[in-house]
Amino acid sequence: MKTPLPCLRRFALVTNAALVLAASAAGNPTAKEPAVVTAGVAGAPPSDAIVLFDGKDLSAWKGDKDPAPGWRIADGYAEVHGGGITTKEEFGAIQLHIEWAAPAEVKGDSQGRGNSGVYFQGRYEIQVLDSWKNPTYFNGQAAAFYLHNAPLVNASRKPGEWQAYDIVFHPPVPGADGKVAEGSFTVLHNGVLVQDHVPVKGDSTTAAKFSGVTPKGPLFLQDHGNPVRYRNIWLRKLD
Ligand code: MG
């Protein structure tokens with residue numbers, strides 16, 4: 001008697017091929033083996049990260065007023081002082097990890113309390129602000145895409161406590177037809193999703209240092225007159 005197995009085997013092969021095609025069509029290509037990286041523990045940089053501040057020096061940055069940033073470095077952090085700082089290197093699409101703390105001593109209110117900011121390409125700001133029981137306009141509070149989009153929730157910790165942003169940024173890019181292909185922000189604030197693939201259309205705010213749409217630009221950390229502290233800054237290039 002003839003066994004039905006070869007027929008079943010053929011069916012299985014066809015089914016597997018169909019599954020692979022279906023997976024490809026769903027945007028999950030399997031043609032390239034994912035690169036192996038060593039994940040960091042508790043915010044530590046992974047093996048393929050570019051470290052922008054490890055708590056010791058700001059040599060990856062230049063100052064607004066002086067080539068050497070005037071920020072005070074102590075105990076593994078850098079404190080805003082004497083102007084903003086800009087990375088020497090320019091970046092396109094990135095994953096950024098950055099930790100910050102608003103001053104423990106509360107002074108001022110609204111936008112005058114623990115204000116700084118992380119500017120992607122020197123123009124698109126994810127707001128840094130002490131938003132612990134500190135009302136302000138929604139698209140200007142901590143983790144807002146400043147003047148564009150309020151965060152989904154307020155995941156702020158108390159002033160003086162360390163907070164973390166993990167941000168995936170895809171820049172808008174100039175298209176050949178003269179139109180801008182929009183980019184996006186996805187932001188986790190202290191591990192909580194606060195910006196979920198929010199469009200970046202290329203229009204900037206008046207507070208931005210640079211304007212225009214370019215494939216690459218520097219990171220900029222703002223001096224808004226408040227002694228905000230930063231530590232453990234690293235990124236991964238996604239281009
Ligand atoms: Mg700001």
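Are serine 116 and glutamate 125 buried or exposed? Serine 116 is buried, and glutamate 125 is buried as well. Both residues belong to a metal site in this predicted model, and that site is a convenient place to start.

## The magnesium site

The magnesium ion has protein donors from Asn115 (OD1), Ser116 (O), Glu125 (OE), Gln127 (OE1) and Gln222 (OE1). These donors lie 2.2 to 2.4 Å from the ion. Along the sequence, the spacing of the donor residues reads N-S-x8-E-x1-Q-x94-Q.

## Overall make-up

The protein has 1 helix and 15 strands. Of its 239 residues, 41% are buried. Among contacts with a separation of 6 or more, 65% are between residues 24 or more positions apart. The following sections take up several such long-range links.

## Aromatic pairs

The structure holds 10 aromatic pairs. Two of them are set out in the table.

| Pair | Centre to centre | Angle between planes | Geometry |
|---|---|---|---|
| Tyrosine 119 and phenylalanine 220 | 5.2 Å | 70 degrees | edge-to-face |
| Phenylalanine 120 and phenylalanine 169 | 5.1 Å | 45 degrees | tilted |

Tyrosine 119 sits in strand β7 and phenylalanine 220 in strand β14 (residues 220–221), so their pair ties together parts of the protein that are 101 residues apart in sequence. Tyrosine 119 and phenylalanine 220 are both buried.

The pair of phenylalanine 120 and phenylalanine 169 also links distant parts of the chain. Phenylalanine 120 is in strand β7 and phenylalanine 169 in strand β9, with their positions 49 residues apart. Why does phenylalanine 120 count as buried? Its relative accessibility is 1%, and buried means under 20%. Phenylalanine 169 is buried too, with a relative accessible area of 1%. Both rings belong to one aromatic cluster, formed by Phe120, Tyr124, Phe145, Phe169 and Phe185.

## The cavity

How many cavities of 30 Å³ or more are there? The count comes to 1. The largest cavity contains about 40 Å³ of space. It is lined by Phe91, Gly92, Ile94, Phe120, Gln121, Phe169, Gly217, Pro218 and Leu219. Phe120 and Phe169, the two partners of the tilted pair, are therefore among the lining residues as well as in the aromatic cluster. By type, the lining divides into 6 nonpolar residues, 3 polar residues and no charged ones.

## Glycine 122 and serine 184

Glycine 122 is placed in the loop between β7 (116–120) and β8 (124–128). At 0% relative accessibility, this glycine counts as buried. Which residues does glycine 122 contact, leaving aside neighbours within four places in sequence? They are Ala208, Lys209, Phe210, Pro218 and Phe220. Of these, Pro218 also lines the largest cavity, and Phe220 is the ring that pairs with tyrosine 119. Glycine 122 and lysine 209 are 87 residues apart in sequence, yet their C-alpha atoms are 5.5 Å apart in space.

Serine 184 is in strand β12 (residues 183–189). With a relative accessible area of 5%, serine 184 is buried. Not counting residues up to four places away in sequence, serine 184 touches Val168, Phe169, His170, His197, Val198, Pro199 and Val200. Among these contacts is Phe169, a member of the aromatic cluster and of the cavity lining.

## Two residues with positive phi

Lysine 133 has a positive phi of about 50 degrees, although it is not a glycine. Lysine 133 lies in the loop between β8 and β9 (163–170). Is lysine 133 buried or exposed? Lysine 133 is exposed, with a relative accessible area of 71%, and the cut-off for exposed is over 50%.

Asparagine 190 is another residue other than glycine with a positive phi, near 55 degrees. Asparagine 190 is found in the loop between β12 and β13 (192–200). Unlike lysine 133, which is exposed, asparagine 190 is buried, with a relative accessible area of 16%.

Conventions: Residues are numbered from 1 along each chain as its sequence is written. This is a predicted model: local features need pLDDT of at least 70, side-chain atom pairs count only at pLDDT 80 or more; totals for chains, interfaces and linings use all residues. Side-chain values use heavy atoms; hydrogens and water are left out. Donors are N, O and S atoms within 2.8 Å of the metal (3.2 Å for Na, K and Ca); water is not among the atoms, so sites may look incomplete. Buried means under 20% relative accessible area, exposed over 50%, partly exposed in between (1.4 Å probe, protein chains only). Helices (H or I, at least four residues) and strands (E, at least two) are DSSP runs, numbered from the N terminus. Contact means heavy atoms within 4.5 Å. On a 1 Å grid over the protein atoms alone, a cavity is a set of points where a 1.4 Å probe fits but cannot get out, and a pocket is an open set with protein on both sides within 12 Å along at least five of seven lines; lining residues have an atom within 4 Å of a point. Grid points are joined across faces, edges and corners, and a volume is the space filled by probe spheres set on the points. Ala, Val, Leu, Ile, Met, Phe, Trp, Tyr, Cys and Pro count as nonpolar, Asp, Glu, Lys and Arg as charged, and the others, Gly among them, as polar. Rings of Phe, Tyr and Trp (its six-membered ring) pair if their centres lie within 6.5 Å; planes under 30 degrees apart count as stacked, over 60 as edge-to-face and the rest as tilted.
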